[in-house]
Amino acid sequence: MILGRVLNAASDVVNEVASRSKKSEKIIRGTVILVKKNVLAFNAIHTTVVDGVFELLGQGVTLQLVSAENADPANGNGGKVGKLEALENWNLTFTPPIAGGDSLYKVSFEWDEDLGIPGAIILRNNHAAEFFLKTITLEDVPGAGRIHFLCNSWVYPDKQYKKPRVFFSNKTYLPHETPAPLRKHREEELKALRGDGTGELKFGDRVYDYATYNDLGDPDSSSELVRPILGGSVEYPYPRRGRTSRPPSRKDRNTESRRFLPITTFNIYVPRDEQFGHLKTSDFIAYTLKGLVNQIIPLFEAFVDLTPNEFDSFKEVDNLYYNGLPLPTGFLNNIVSQIPLPMMKEVFRTDGQQLLKFPVPQVIKDDKTRPPTAWRTDEEFAREMVAGVNPLLIRLLKEFPPTSKLDPEVHGHQNSSITKEHIEYNLEGLNVEEALRSNRLFILDHHDTVIPYIRRINNTGTKIYASRTILFLSGDNTLKPMAIELSLPSSEGQKIGVVSKVYTPAEHGVEGSIWEFAKAFVAVNDCGHHQMISHWLNTHAVLEPFVIATNRQLSVVHPIYKLLHPHYRDTMTINALAREILVNAGGLLEKTFYPTKFSMEYSSHIYKSWNFLEQALPTDLKKRGVAVDDGNSRHGLRLLIPDYPYAVDGLNIWFALEKWVRDYCSFYYKTDKMVQQDPELQAWWKELREVGHGDLKHEPWWPKMQTREELIESCTIIIWIASALHAAVNFGQYAYEGYSPNRPTLSRRFMPEKGTPEYAELERNPEKAFFKTMASQLTSLTGITLVEILSKHPSDEVYLGQRTPEWTTDIVPLSAFEAFNNRLSEVEGEILKLNMDKKLKNRVGPVNVPYTLLYPTGEVGLSGKGIPNSISI
């Protein structure tokens, strides 16, 4: 019976070809490039067999041309639709094992003069499995020549969609410029992406919608895992996330339930085109992170139980990287049996022995040009505030002593107790007033952000201080820490304020150890703020509403969609994964960084003062007082810390980016009126402001989106956040935090006080006292592994200045993008040159780590350089 159907199908094909040759003189030839599911998935081989059967039955993948010139009243005045044509030889097409498994298919369309030039294609997948459609290309179309359709979308079986999938050619149209026959299809596509806000969203759906962060807690598992809902309230404002539609938990109907499934399962709804799956290596990120939670941390716990000693010295920590820690017999075999081998190789360096061994972080890498303890110097401690993984907080000190902005009626006296006597002896002959007037005093302030949470945090196993660090800009443009103030709430009551102690630099004896402790407590604060605010909140969380709004309100043929879309790749997926295992109740960040169970609540508190316009680098630098307007300086800005690597490189990237966005937007929007009269653009911005960031919708700083300048500035900020800002705070994590003593993530005890056993221990063995005070061995191992995973560039990374070919047909934008690429190449050369300049001591520092986090082109792995287009890790 099957054989008969095969013969009949073959006969039908022959007859159809013969019939065509008689009826038509012109056949439009097309090529389709796609990736079959069985190439990308680990367990989808069976779909190949089923799809082959559908092909034999003549129910394969079909396409229809849609006219951009002639409307059809019977089709609601949508474009006239051509005949149904099928991909040719699905079963005979070889799927190569390389190049992501691309398969190339042929398709032929009978030319119909009544149809005119096609502007879209309707595609139906009648197979049993989805595939990833990359491109469709038509050749020798009368009146048009070659027409290219850039698709890059998962296409599921047609029965899953209410209407068949539509793909537009790579032409770019503002709404009013869209050919009339295509407007219906443009509007219907957006309607499908918006959904109706109800019902369960299933794997493979394409709906983009909003929800609050009501998925962090897990009340069904434990009362200890209850967390406040972030977003939708005055108390806990927050950006919106993508709606996942999981059912409510049993014990709290306002909290979304959680279903933590096995390591190889990504079980949270994310619109299918936002999910990992471009190459197999993309999925590896998800598997590695879930493996860290499911398998690796429990094995770390077993290891620590078997070898209960804490780290006693810096040498023991160094052994993690240089010699490896010996593991109990059979321990590594247990790891190998539970974790897929490629993952095991990524996380554990065994060298064929029973050893736990990590890559050497740059901050301690052997180098004959500097001492092995260079990371402990005051100069390096200060340098990392302008060239480390969190160079976003240092600001000019404008008054002395520093003051607090906290409400004294609530928090009592919070102003600083640092005096002139603490610092004046070390100001290169200046007094405090002169140092202030000459803009040479700076501050790293972790006081006002910590105080509102410090009592609750210190009631857990974590013990922290609020801190202020005063720095002086030396004549060689390096920074020197002058004093560190550590503060705790007064035991006499909250309104009394704080009790503070001030520590000043010392090199030897117990005073030197106390100074090292003070710097470590500052690093704990900075590490927590970096992870939860600089990294998670100010890049990942604030960008997700832009991803959602762009897909809901801007058509794929809209110029602003095409500008922004590359900068959203994988962001919703990595954020969903983060909510599952990183920022959730009991997640890795709560276990590893000092805000502990209050981490996300703490970020909500900081979000109250978030300002979209202040994310622009020039605005941020001026707000912090580290740059001033100066028409005689490059970019019209003069840095008050001239050797500020993040700011120097960042400004070069910012203005290259701003020039590209300006050239692009100015091509499509000739006047302010065109911005005002673009309905999709206005709907996008309104939804973004009122829904995506709805808790801040009444803030006066929001651009009104009435001018080209507002559009250019807003798009530049969005791309900056997604690319350079995230690169600056993410990919240097292992270089600096991979060596835990350099940036401890937690502290378990307070500063040793005279007359206590802890102080006596400090006098006897300062290194052992340090490790008893800072993060435990288990926390350190977990943190090192986590930041190693987060700091890696995958092999399929797409960097700033790279785009899929033929993304538009417009020559001027293509030329502007080429100019942008050329400028990025120039920036790379400038960075290399600056890093070679011995006068610029902050470029490499005592640890001899060149600043390359804003070097545009990266390399696979822990390269410490490269600006990806998007937040994908």
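**Aromatic rings.** I searched the whole structure, a predicted model, for aromatic pairs and got 39. I then asked which residues the ring pairs link into a cluster. The cluster holds Y213, Y238, W536, F546, Y607, W610, F612, W684, W685, W701 and W702. For any such pair I would note the distance of the centres and the angle of the planes, as these describe a pair of aromatic rings.

**Charges over rings.** I looked next for charged ends placed over rings. R579 has its charged end over the ring of Y213, 5.8 Å from the ring centre. Y213 is also one of the residues in the ring cluster noted above. A second entry is R272, whose charged end sits over the ring of W154 at 4.0 Å from the centre.

**Cysteines.** How many disulfides does the count come to? I got zero. A disulfide would be a covalent bond between the sulfur atoms of two cysteines. I checked C665 and found that its closest cysteine sulfur is in C715, 4.7 Å away, which is too far for a bond. The cut-off I applied is 2.5 Å between the sulfur atoms. From the side of C715, the closest cysteine sulfur is that of C665, again at 4.7 Å, so no bond is assigned here. I also looked up burial for both. C665 has 2% relative accessibility and counts as buried. C715 is buried too, with a relative accessible area of 0%.

**Helix α9.** I wanted to know whether α9 is enclosed or open. Helix α9 covers residues 378–387, and eight of its 10 residues are buried, so the helix is largely enclosed by the rest of the structure. The buried residues are E380, F381, A382, R383, E384, M385, V386 and A387. I listed what covers them. Strands in that cover include β15 (441–446), β16 (466–473) and β17 (479–489). Helices in it include α14 (509–553), α20 (645–668) and α24 (733–737).

**R552.** Since α14 is among the elements covering α9, I looked at one residue of α14, R552. Is R552 buried or exposed? It is buried, because its relative accessible area is 11% and the cut-off for buried is under 20%. I then asked what the side chain of R552 reaches. It reaches the backbone oxygen of Y208, at 2.8 Å. Leaving aside neighbours within four places in sequence, I found R552 in contact with L190, L193, R194, Y208, D209, Y210 and E687. Y208 therefore appears both as a contact of R552 and as the owner of the backbone oxygen that its side chain reaches.

**Backbone entries.** I noted a cis peptide bond between F400 and P401, with omega about -5°. P401 lies in the loop between β14 (395–396) and α10 (408–411).

I also looked for positive phi in residues other than glycine. N77 has phi near 65°. N77 is in the loop between β2 (61–72) and β3 (78–81), and at 47% relative accessibility N77 counts as partly exposed.

Another entry is N848, with phi near 60°, a positive value in a residue other than glycine. I found N848 in the segment after α28 (811–836). With a relative accessible area of 30%, N848 is partly exposed.

Technical notes:
Residues numbered from 1 in each chain as written. Predicted model: local features only at pLDDT ≥ 70, side-chain atom pairs only at ≥ 80, totals over all residues. Heavy atoms only, no water. Buried < 20%, exposed > 50% of the residue type's maximum accessible area, 1.4 Å probe, protein only. Helix = DSSP H or I, 4+ residues; strand = E, 2+ residues; numbered from the N terminus. Contact = heavy atoms within 4.5 Å. Polar contact = N/O pair within 3.5 Å; in protein donor to acceptor, adjacent residues only side chain to side chain. Phe/Tyr/Trp six-rings, centres within 6.5 Å; stacked < 30°, edge-to-face > 60°. Lys NZ or Arg CZ within 6 Å of the ring centre and 35° of its normal.
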